[in-house]
Structure formats: C-alpha cells, structure tokens
Amino acid sequence: MAEYDMLTEPGARGALLRREGLYHSHMIEWRRARDPGALNALAARTTGPKPAKTGAEKGNERLAAKLARAEAELAKTRKALQIMGKAHELLARDSTLLLLSPRFLHVCFAKF
C-alpha cells in the first residue's frame, strides 16, 4: 500500500498492480479500512493468561457485587412499601366511606 501510494509516474501504479496480481478495487478497500484505523485491530497483541488479581481487587469485586445485591433488595423493599402505603390509604378511605354510608348505618342500627 505504501509503495502504491509513493508511485507518481504514469502507468507505474498499474504496473505494480499487475505485478502483484491485484486490482485497483483492492487498493480502495484497503485504504478505506486503513483510514479509520480498522487495520490497527490486526496489530500484535499480548497473548497468554491474564495477570492474577490481587487480594484487594478481589475484595473490591466482592464488595461491589454485594452492594449491587443490597441496592436491588432496597429497591424491591421500597416498591413494596409504596404499594402497601397505597393499599392502606385506599382501604382507610373506603372503610371510612363504608362506615358513613346510610346503608351500613341502617344495617348496624336496625337492631336497636
């Protein structure tokens, strides 16, 4: 690719492509891949096992997981309390209405 880009003489690039058995479309595709850095993904990387975690890192992960579980449990508890509060409010309101209704009063005091 670098050699192709350095050629400036008329017909030199075509000669290079013929010599290497390539097409101009190959150069276009490789340039598109190279420009945004797609070829950097093919660079050499370190291989092998990951380094072992220290005790502090393991402890941090354990505590982070415990915190996440506690926060999820707290969210569930808050939601349940919210529902219970609404249910209590609804029952208190309905029972007050029920106690003051003429039909209920009639049934309760009919024996007297």
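Does Arg 19 count as buried or exposed, and at what relative accessibility? In this predicted model, Arg 19 counts as exposed, at 55% relative accessibility, since the cut-off for that class is over 50%.

Helix α2, which spans residues 12–20, is a useful place to begin. Its buried residues are Ala 12, Leu 16 and Leu 17; seen down the axis of α2, these buried residues fall within an arc of 140 degrees, so they line one face of the helix. The cover over the buried residues of α2 includes α1 (2–6) and α3 (24–34). Just after α2, Gly 21 adopts a positive phi of about 75 degrees.

The charged side chains add a further layer to this picture. Three salt bridges are found when the whole structure is searched. In one of them, the side chains of Glu 3 and Arg 19 meet at 3.2 Å, N to O, and this pair links distant parts of the chain, with Glu 3 in helix α1 and Arg 19 in helix α2, 16 residues apart. Arg 19 also meets the side chain of Glu 20 in a salt bridge, at 3.4 Å, N to O. Both acidic partners are partly exposed, Glu 3 with a relative accessible area of 40% and Glu 20 with one of 47%.

Elsewhere in the sequence numbering, Glu 61 forms a salt bridge with Lys 53, their closest N and O atoms being 2.6 Å apart. Glu 61 counts as partly exposed at 43% relative accessibility, and Lys 53 is likewise partly exposed, with a relative accessible area of 43%. Salt bridges that share partners, for their part, join Glu 3, Arg 19 and Glu 20 into one network.

Conventions. Residues are numbered from 1 along each chain as its sequence is written. This is a predicted model: local features need pLDDT of at least 70, side-chain atom pairs count only at pLDDT 80 or more; totals for chains, interfaces and linings use all residues. Side-chain values use heavy atoms; hydrogens and water are left out. Buried means under 20% relative accessible area, exposed over 50%, partly exposed in between (1.4 Å probe, protein chains only). Helices (H or I, at least four residues) and strands (E, at least two) are DSSP runs, numbered from the N terminus. The arc is that of the directions from the helix axis to the C-beta atoms. Contact means heavy atoms within 4.5 Å. A salt bridge is a side-chain nitrogen of Lys or Arg within 4 Å of a carboxyl oxygen of Asp or Glu.
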